[in-house]
Structure formats: C-alpha cells, structure tokens
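I opened this notebook to record what I looked up in one model, going from the whole chain to single elements. The entries are kept short.

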Amino acid sequence: MHFTIKPTSFQCNINCDYCFYLEKEFIFEHKTWMDDKVLEEFIIKYITSSPSADVHFTWQGGEPTMAGVGFFRKAIALQQQYKGSKNIFNALQTNGLLLNDEWCDFLKKNNFLVGISIDGPEELHNRYRKNKAGKGTFDKVMRAVSLLNKHKVEFNTLTVINNFNVSHPMEVYDFLKSIGSKHMQFIELLETTVPNDKFTSNTGFDIVNFSVPAKAYGQFMSTIFRHWVKHDVGDIFIRQFESFISCVLGHGHTSCVFQPVCHDNFVIESNGDIYECDHFVYPDFKIENVFNSDFDTIATPKLSGEKSNLSAECQSCDYKVICNGGCPKHRINKGTGANISYFCSGYKILFATMVPYLNAMVSLVKNNIPITEISTIADSIEHNARNKAST
C-alpha cells in the first residue's frame, strides 16, 4: 500500500502547458490545502495499517512546497509520534522554485529524497515548463539543484518526454548526468482534449499536440538504453530499465505501469478524499474520505478490473509477460474499441531493443556473475541482434 499525498491539491506556482492536474480546479469543490486534522488522521491510519515495517510518504502536487516548511515540520512530528517500531521515509516531488537554504536544511536533516522535475537543458525544459507569466523556469530550477547539491540533499530527476524533447535523447540524458542525477525517471506524455476518466472507445476527443508520438518515445528510450547498458549500468539508475530487470529476474515490476494489476498506488487529496490512482482523480474513482475509510480493506476495484481486461492482441503478444498492457490511462485508441495502449508500438520498439540484454542479464545472475558485467558483452549482444534481424 502506497499513497501519493496532495497537501496543496492542484495549486501550483507555475503553469506547465501539459500538466494534467491543474484541471482539478474545475472538478473539485474543495479549494483549500490540507489542514492539521486531515494530516493527523491520515498519518495515524497510514502508519498503523501498513503491513510493512517501512512506511513511505510521497508528497506531491500541484506544488507541495507551497504548503510551507511549517506544514512539513508538523508532518514529521506526527510521524515520529505515531511511528511505533516502524521506519518512516519521506519523498518530495517538486519543481524546485521555492527551495532555499531553510528548505534544504530541513530536507537534509529529515532525510527527504527529493524529486526535481526538469525536462532537459534550457531550450527543452522551457518549451512547456513555464511560470504564470509565460516565462521559462529553467534558471530557477537550476538554482534549486545547486542548493540541493550545496546541502548534500539526495535528489532524483523526473523528466516528461513530450513531442519536443523526444528528438534529443542523448542531449537530455547527458544533461541530467551533468547536474548530478543518478536516478532518472522518464514519463511518456499523453493528454487528450477530454479527460480519459471512463473506459470507453472515446471517439469524441483529440490527442493534444504536446503528447509524445508512441514510436518516437520507443526510439528515445531505446537510444538511451543502448548507451546506458554499455556505459552506466550500476552507476545510473533509470526507473523503467530497473523495473524490467527486476521483472525478468523474478522480483516483479517496480513501476506500476507494467504491473499485472493496479492495486496499491492511492492518492489522498487535500480534503482527505482518497482515489484509486493519481491519473484517475475523478469522482468515479473516489474510494472514501480519510475520516470514514478503513485502510485495512482499501482497494482499487475499477482500475484492477480494467488493468486485466486485455485485448486479444495483447493476450497473444510475445511481450505480454513484461508489459501487461501498460497503464489504463493510455488505452485510448479512439473509434476502435480495442483495449490497447496508445504506446503499444513504442513499447515494442523498446522491448525489441532490451530483450536480448535482459536475457543475458538473467544468464549472468544464474551463473553468479555481477549484472554490471553486461557492459562488457553489450557489443556482442548488439551484433548478434543485428544479424538476427537481418536474417
């Protein structure tokens, strides 16, 4: 069981063109930030109902730092008050604009893992990540990165792959390495003119132009993978790659996108309402409110059912064992009625690139050879894959 916590709801201090959460302003009746009663009720129930000794709090938005350092000091105090024998971990996803020395000192002292949203070097980042005045935010984000490095705060990067930066895979990757990111997450962007909050054939919408073309995304990730597997395995960690490696080694996916079912990634809104998933914060997917919810029996009935509702094409696909149909949000093939991911063609490009290496990694582990040795045989794997493709 894991929760993404929205202390400031949809409210944010910048105005990214592609943000899917800003629209909640027109859906929610509540406009206020999380108060002390909701915060305490949630922390108590989350800690006590967690079956694991480790309890992970993920703070997100909107922009969570708008709630102020004082809010998070209260959260830390409550966590310590109610943790019992459990271990508490905190992660904060932020655009970085409000970070200062006080913030970074707090984050360091309380061992927060920080996720910085950045879409690449200046021209690529500023394309869609703009402030309320329409100006790029790159310089302020880089100031935040400098502060995090100054205070030795561990940070990851989250990069949204859109129709613009998708053409620059190595430029994006090399830039993220240059700023000190060793843990990267690349999010494939897909938004439509009508929110995909119901599972239908969805014939009445268009795909928004900043969405990344499916095949281009597959090529982007494949380009980075080929470089990573030769040079950076064991040093740079990329969420999608790590998830597939975990899957083929028998440990299951670490990314919910490719897990067989949607079952353990909930959202709690600022007023205490609980939803099945961050991408489905719509009335039909509301579970309960924190004050009348039993966390021991919390479930995702709609998403769980839809996740496993695969088309005949998916059922017979060679990649089903590692893909599982992808995220339900992406199943928007309009007019076809087919329950197939928009990104199917892109995923197939990526899987075709990765599978020979994944098979080799499995062999390495079976023979008690460190998986990082994949880099020493990467060229021969690539050569064999090319020969096989040509025949």
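The entries below concern a predicted model.

**Entry 1. Overall form.** I began with the whole protein. I counted 13 helices and ten strands. I then asked how the radius of gyration compares with that of a compact globule. For 391 residues the globule value would be near 21 Å, and the protein has 21 Å, so the two agree. I also noted the extent of the C-alpha trace, which spans about 65 × 50 × 45 Å along the principal axes.

**Entry 2. Burial, surface and contacts.** I looked up the share of buried residues and found 52% of the 391 residues. The exposed area of the protein is about 17,400 Å², and carbon and sulfur atoms supply 51% of that area. Among contacts with a separation of 6 or more, I recorded that 70% join residues 24 or more positions apart.

**Entry 3. Strand 5.** I turned next to strand 5, residues 155-161, and asked how many of its residues are buried. Seven of the seven are buried, so the strand is largely enclosed by the rest of the structure. I then examined the two faces separately. In a regular strand the side chains alternate between the two faces of the sheet. On one side of strand 5 I listed Phe 155, Thr 157, Thr 159 and Ile 161; on the other I listed Asn 156, Leu 158 and Val 160. These residues are all buried, and both faces of strand 5 are thus covered.

**Entry 4. Partners of strand 5.** Which strands pair with strand 5? I found strand 4, residues 113-117, paired with strand 5 in the parallel sense over four bridges. Within this pairing, Val 114 has Phe 155 as its bridge partner. Strand 6, residues 183-188, also pairs with strand 5 in the parallel sense, over five bridges. Here I noted Thr 157 opposite Met 184. I traced the connection as well: strand 5, helix 6 (residues 169-178) and strand 6 form a β-α-β unit, and this unit is right-handed.

**Entry 5. Leu 39.** I closed with a single residue. Leu 39 lies in helix 1, which covers residues 36-49. Is Leu 39 buried or exposed? Its relative accessible area is 0%, so I entered Leu 39 as buried. Leaving aside neighbours within four places in sequence, I found Leu 39 in contact with Met 34, Trp 59, Phe 71, Lys 74, Ala 75 and Leu 78. I also looked up Pro 7, which is 32 residues from Leu 39 along the chain; the C-alpha atoms of Leu 39 and Pro 7 are separated by 8.5 Å.

Note on methods. Residues numbered from 1 in each chain as written. Predicted model: local features only at pLDDT ≥ 70, side-chain atom pairs only at ≥ 80, totals over all residues. Heavy atoms only, no water. Helix = DSSP H or I, 4+ residues; strand = E, 2+ residues; numbered from the N terminus. Buried < 20%, exposed > 50% of the residue type's maximum accessible area, 1.4 Å probe, protein only. Contact = heavy atoms within 4.5 Å. Pairing = 2+ DSSP bridges. Right-handed = clockwise from strand over helix to strand, strands pointing away. Rg over C-alpha atoms; globule rule 2.2 N^0.38 Å. Areas by Shrake-Rupley, 256 points an atom, 1.4 Å probe, with all protein chains shown as cover.
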